[in-house]
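Okay, let me pull this one up on the screen. I'd like to walk through the packing first and then the sulfur chemistry.

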Amino acid sequence: ECQYPRFHRGDPNGDGDIDISDALSLFSYLFLGGSIPDCLEAADTNSDDVVNSSDALFVLSYLFLGTVGPVDPGPPPSACGPDPDPPGSANSLGCNAYERC
């Protein structure tokens, strides 16, 4: 279980919900020297194996334009789940902590 941490994709601030604060926390991390997310896999909202501004824009589009949501393990209220990429693989960004699961 510890080898495969469970999380919600699209919840980089780890508060158990996907909302505007998730986009703001990503922008803070990327452009203002804010804290690195504890779970980079949760921050990789669009699941393209990199955390960048497109992840914050994905959150905003999902929230305000009704576009498709993050892929599994999807945002709350869906169930938490592990990253489909095995830990340590080239596509795994890692998840040190996600306490909402």
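So, the largest nonpolar core here, and bear in mind that this is a predicted model, is made of eight residues. Going along the chain, you've got Ile18, Ala23 and Leu26, then Leu40 and Ala43, and finally Val51, Ala56 and Val59. Three helices feed into this core, with at least two residues from each: H1, which runs 20-31, H2 at 40-43, and H3 at 53-64.

There's also a second core, separate from that one, with six residues, among them Phe7, Cys39, Ala42 and Cys95. Keep those two cysteines in mind.

Now look at Leu40, which belongs to the largest core. What does Leu40 touch once you leave aside neighbours within four places in sequence? The contacts are Val51, Leu93, Gly94 and Cys95. Val51 is a fellow member of the largest core, while Cys95 sits in the second one. So much for packing.

On to the sulfurs. How many disulfides does the structure hold? Two. Counting bonded cysteines along the chain, the pattern is 1-3, 2-4.

Let's take Cys39 and Cys95 to begin with. They're joined with an S to S distance of 2.1 Å. That bond links distant parts of the chain, 56 residues apart: Cys39 is in the loop between H1 and H2, and Cys95 is in the segment after strand E2, which is 81-82. For the torsion people, the angle about this S-S bond is about -115°, so we call it left-handed. And are the two ends buried or exposed? Cys39 is buried at 2% relative accessible area, and Cys95 counts as buried too, at 13%.

The other pair is Cys80 with Cys101, where S to S comes out at 1.7 Å. Cys80 is in the loop between H3 and E2, and Cys101 is in the segment after E2, so this bond ties together parts 21 residues apart in sequence. The torsion about the S-S bond of Cys80 and Cys101 is about -80°, so that disulfide is left-handed as well.

How accessible are the ends of this one? Cys80 counts as buried, with 14% relative accessibility. Cys101, on the other hand, is partly exposed, and its relative accessible area is 46%.

That's what I had on the cores and the disulfides. Happy to rotate the view if anyone wants to look at a residue again.

Note on methods
Residues are numbered from 1 along each chain as its sequence is written. This is a predicted model: local features need pLDDT of at least 70, side-chain atom pairs count only at pLDDT 80 or more; totals for chains, interfaces and linings use all residues. Side-chain values use heavy atoms; hydrogens and water are left out. A nonpolar core is a set of buried Ala, Val, Leu, Ile, Met, Phe, Trp, Tyr and Cys residues joined through side-chain atoms within 4.5 Å. Buried means under 20% relative accessible area, exposed over 50%, partly exposed in between (1.4 Å probe, protein chains only). Helices (H or I, at least four residues) and strands (E, at least two) are DSSP runs, numbered from the N terminus. Contact means heavy atoms within 4.5 Å. A disulfide is a pair of cysteine sulfur atoms within 2.5 Å.
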